[in-house]
Amino acid sequence: MASLSEASLQSLSGAVGLEGTGRPFKTPLLYYLVIGALVTPIRSFTDVRFHGLGRIPSSGPAIIVCNHISIFDGIFKTQAVRRPVHYLSKKENFVNPFLRFVMTSTGQIETSRQTGAPDAMARAVDVLDAGIPIGIFPEGTRSRKTEPPYLQRGKTGAARLAARFPHVPMVPMVMIGTREMMTPEKKLIKPWKRVEVNIDEPITFAQWAADPEGGGLSDDDVASLMLLGEDERRDRMGALYRRFTDQLMETLRQMGAP
């Protein structure tokens, strides 16, 4: 299998232009307590079937990406990973005082769907630097479509993080049935509805970038990219993020994302 040199991967990582805040990230203790308290009730009162749990890294950083059709998606994603996952969450979840307490005391990261919130992406870098999983819904928000297919076009934030951390595994995950458990904009929860959680093999940006069917880059290609002017290099990197994201969304579709 083709591969890029470490020097090329470091050049691509630097070209992303994402840096952390410089503030160490640590999972709040309350998050562990919440997970411990909720695991048994969730298993007891729902019909959730996980497929491919062994594909999720049991330690170290990871980027967990998933389709988004219900408020329960993050709960089941965390249950699948079996350790704290920190999410980029819309700023609206930080307005209500109670919700804000829940979000901040479990270490979730406030972001803006319109701007991408550079500060939030910087904090996501801190999470991965700390060796902790980050959870991302590449669609950016829950699908509001009333009929399938519900899957929306992905945004490129997850691709930028993957390029910034080329050796960190990205784990594709698909939720099937969570929308039926609780339809968007409805308050009725139907815990008896079957939910399937499909998990695919992880992939790193390093693997994708060198794959002829992925980025298709060689060390010479990367060297030439680094010689470009800043604007042209940014455009070329943007094209890579878009290709990575489109292939990711197609993977989620093929995994069964409704």
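**Close-up views of a predicted model**

**View 1. Phenylalanine 76 and its stacked partner.** Phenylalanine 76 has a relative accessible area of just 1%, so it counts as buried. Keep in mind that this is a predicted model. The neighbour to look for is phenylalanine 72: the two ring centres are 6.2 Å apart and the planes meet at 25°, so this pair is stacked. Phenylalanine 72 is buried as well, at 13% relative accessibility. Stacked here calls for planes under 30 degrees apart, and the 25° between these rings fits that. The model has 5 aromatic pairs by this rule.

**View 2. A tilted pair, phenylalanine 205 with phenylalanine 244.** Here the ring centres are 5.7 Å apart and the planes are at 40°, so the pair is tilted. Phenylalanine 205 belongs to helix H8 and phenylalanine 244 to helix H10, so to speak two distant parts of the chain, 39 residues apart, that the pair links. Both of these phenylalanines are buried. Which residues make up the aromatic cluster with Phe205? Trp208 and Phe244 join Phe205 in one aromatic cluster.

**View 3. The second largest pocket.** Stay with Trp208 and Phe244 for a moment, as they are among the residues nearest the centre of the second largest pocket, along with Ile203, Gln247 and Thr251. The pocket has a volume of about 300 Å³, and 15 residues line it. Where does the lining come from? Strand S6 (170-176), helix H8 (205-210) and helix H10 (230-254) each give at least two residues. H10 supplies the largest share, with 4 residues. As for character, the lining splits into 7 nonpolar, 4 polar and 4 charged residues.

**View 4. Helix H3, mostly covered.** Back to phenylalanine 76, one of the buried residues of H3. The helix runs over residues 73-81, and 8 of its 9 residues are buried. Besides Phe76, the buried set holds Asp73, Gly74, Lys77, Thr78, Gln79, Ala80 and Val81. After H3 comes arginine 82, which has a positive phi, near 70°.

**View 5. Charged ends over rings.** Lysine 77, one of the buried residues in H3, has its charged end over the ring of phenylalanine 137, 4.0 Å from the ring's centre. Another such arrangement involves arginine 164, whose charged end sits over the ring of phenylalanine 165, 4.8 Å from its centre.

**View 6. Threonine 27 and histidine 86.** Look for threonine 27 in the loop between helix H1 (6-16) and helix H2 (29-45). Is this loop residue buried or exposed? Threonine 27 has a relative accessible area of 10%, so it is buried. The side chains of threonine 27 and histidine 86 are joined by a polar contact of 2.8 Å.

**View 7. Glycine 107 in its loop.** This glycine lies in the loop between helix H4 (97-105) and strand S4 (109-111). At 9% relative accessibility, glycine 107 is buried; the cut-off for that word is under 20%. For a sense of scale, compare glycine 107 with glutamine 10: they are 97 residues apart in sequence and 29 Å apart in space, taken C-alpha to C-alpha.

Conventions
Residues numbered from 1 in each chain as written. Predicted model: local features only at pLDDT ≥ 70, side-chain atom pairs only at ≥ 80, totals over all residues. Heavy atoms only, no water. 1 Å grid on protein atoms, 1.4 Å probe; cavity = no way out; pocket = protein on both sides within 12 Å on 5 of 7 lines; lining within 4 Å. Points joined across faces, edges and corners; volume = space filled by probe spheres on them. Nonpolar A, V, L, I, M, F, W, Y, C, P; charged D, E, K, R; others polar. Phe/Tyr/Trp six-rings, centres within 6.5 Å; stacked < 30°, edge-to-face > 60°. Buried < 20%, exposed > 50% of the residue type's maximum accessible area, 1.4 Å probe, protein only. Lys NZ or Arg CZ within 6 Å of the ring centre and 35° of its normal. Polar contact = N/O pair within 3.5 Å; in protein donor to acceptor, adjacent residues only side chain to side chain.
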